[in-house]
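These are my notebook entries on one structure. I looked up the ligand site first, then the pockets, then one lysine side chain.

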Amino acid sequence: MINVALPKGRLGEKIYDVFEKAGYECPSIKETSRKLLFENAEKGVRYFWVKPSDVAIYVERGAADIGVCGKDILEEYSPAVYELCDLKTGNCRMAVAAKKGFYDDGNRTLKVATKFVNATKRYYAEKSREIDIIRLNGSIEVAPTLGLADVIVDIVETGTTLKENNLEVIETVFPISARLIANKASFKFKTQEIENLVEKVTALLD
Ligand code: PRP
């Protein structure tokens with residue numbers, strides 16, 4: 001049996017469809033919207049829906065053998081898991097954004113608002129840029145307008161949120177897409193099952 005943690009939401013549903021096509025279907029998953037755990041014993045697969053940011057926790061601790069997780073989470077939390085493959089879905093980027101026309105005076109400490117504190121600190125440390133980091137939990141895009149921060153580091157997909165808040169991308173920090181991750185012990189003990197799954201899933205992506 002392979003336990004799979006899927007991120008609740010559109011991305012997870014899209015990935016489930018790929019798993020289904022790859023022969024790991026579990027029809028009951030489409031029957032109800034409140035249940036979180038679904039099993040197809042015959043196919044040897046069990047799926048569960050969790051918050052996208054929790055997938056790596058389930059996988060790291062072995063509650064799930066594999067899971068689907070954004071590169072943003074892997075960069076931010078560095079969970080002790082194996083990254084098996086790029087699912088080439090959920091493409092977006094981590095970016096630095098600021099008010100239109102923002103001029104970065106390199107002599108001043110840069111005030112940066114973000115949810116992704118670790119990834120942001122690493123990014124500016126590599127550039128030897130001194131920053132004052134402001135950890136926020138959401139609505140990051142209002143911070144520059146209100147003078148809370150000079151710039152933000154956040155996920156940009158279509159760019160609509162930035163545009164509607166009069167911000168623009170000034171740098172890309174890293175590209176993001178969904179990754180298939182595995183628990184290290186599971187990968188050791190279920191190598192064949194997991195590798196078969198990866199092979200079938202990636203064949204459908206290519
Ligand atoms: C992300 C991100 C931006 C938005 C960008 O938020 O934090 O706010 O998407 O998308 P866009 O470029 O297509 O406008 P998300 O919807 O994931 O919600 P969250 O802020 O609550 O995490």
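Entry 1: location of the ligand.

In which pocket does the ligand sit? I worked from a predicted model, and in it the ligand occupies the second largest pocket. I then looked up the volume of the second largest pocket and noted about 400 Å³ of space. This pocket is lined by 19 residues, and I recorded Lys 115, Phe 116, Glu 141, Asp 154 and Ile 155 as the closest to its centre. Helix 3, strand 9 and helix 5 each give at least two residues to the lining of the second largest pocket. I sorted that lining by class and obtained seven nonpolar, seven polar and five charged residues.

Entry 2: the shell around the ligand.

I listed the residues around the ligand as Lys 115, Glu 141, Asp 154, Ile 155, Val 156, Glu 157, Thr 158, Gly 159, Thr 160 and Thr 161. Which element supplies the largest share of this shell? I found that strand 9 does, with three residues. Strand 9 spans 151-156, and helix 5, which spans 160-164, likewise supplies at least two residues of the shell. By class, I noted two nonpolar, four polar and four charged residues in the shell around the ligand.

Entry 3: polar contacts of the ligand.

I looked up the distances from ligand oxygen atoms to polar protein atoms. On the backbone side, a polar atom of Glu 157 lies 2.8 Å from a ligand oxygen, and a backbone N or O atom of Gly 159 is 2.7 Å from an oxygen atom of the ligand. Thr 161 contributes through its side chain, a polar atom of which is 2.4 Å from an oxygen atom of the ligand. I also recorded that the ligand taken alone exposes 500 Å², of which the protein buries 58%.

Entry 4: the largest pocket.

How much space lies in the largest pocket? I noted about 580 Å³. Its lining comprises 22 residues, with Arg 10, Leu 11, Gly 90, Cys 92 and Glu 157 nearest the centre of the largest pocket. Helix 1 (10-21), strand 4 (66-70) and helix 3 (71-77) are the elements that give two or more residues to this lining. I classified the lining of the largest pocket as 10 nonpolar, seven polar and five charged residues. I marked Glu 157 for cross-reference, as it appears both in the shell around the ligand and among the residues nearest the centre of the largest pocket.

Entry 5: Lys 190.

Where is Lys 190 placed? I located Lys 190 in the loop between helix 6 (184-189) and helix 7 (191-205). The side chain of Lys 190 makes a polar contact of 2.8 Å with the side chain of Asp 65. A polar atom of the Lys 190 side chain also lies 2.7 Å from the backbone oxygen of Met 1.

Technical notes:
Residues numbered from 1 in each chain as written. Predicted model: local features only at pLDDT ≥ 70, side-chain atom pairs only at ≥ 80, totals over all residues. Heavy atoms only, no water. Near = heavy atom within 4 Å. Polar contact = N/O pair within 3.5 Å; in protein donor to acceptor, adjacent residues only side chain to side chain. Areas by Shrake-Rupley, 256 points an atom, 1.4 Å probe, with all protein chains shown as cover. 1 Å grid on protein atoms, 1.4 Å probe; cavity = no way out; pocket = protein on both sides within 12 Å on 5 of 7 lines; lining within 4 Å. Sits in = over half its atoms within 2 Å of the grid points. Helix = DSSP H or I, 4+ residues; strand = E, 2+ residues; numbered from the N terminus. Nonpolar A, V, L, I, M, F, W, Y, C, P; charged D, E, K, R; others polar. Points joined across faces, edges and corners; volume = space filled by probe spheres on them.
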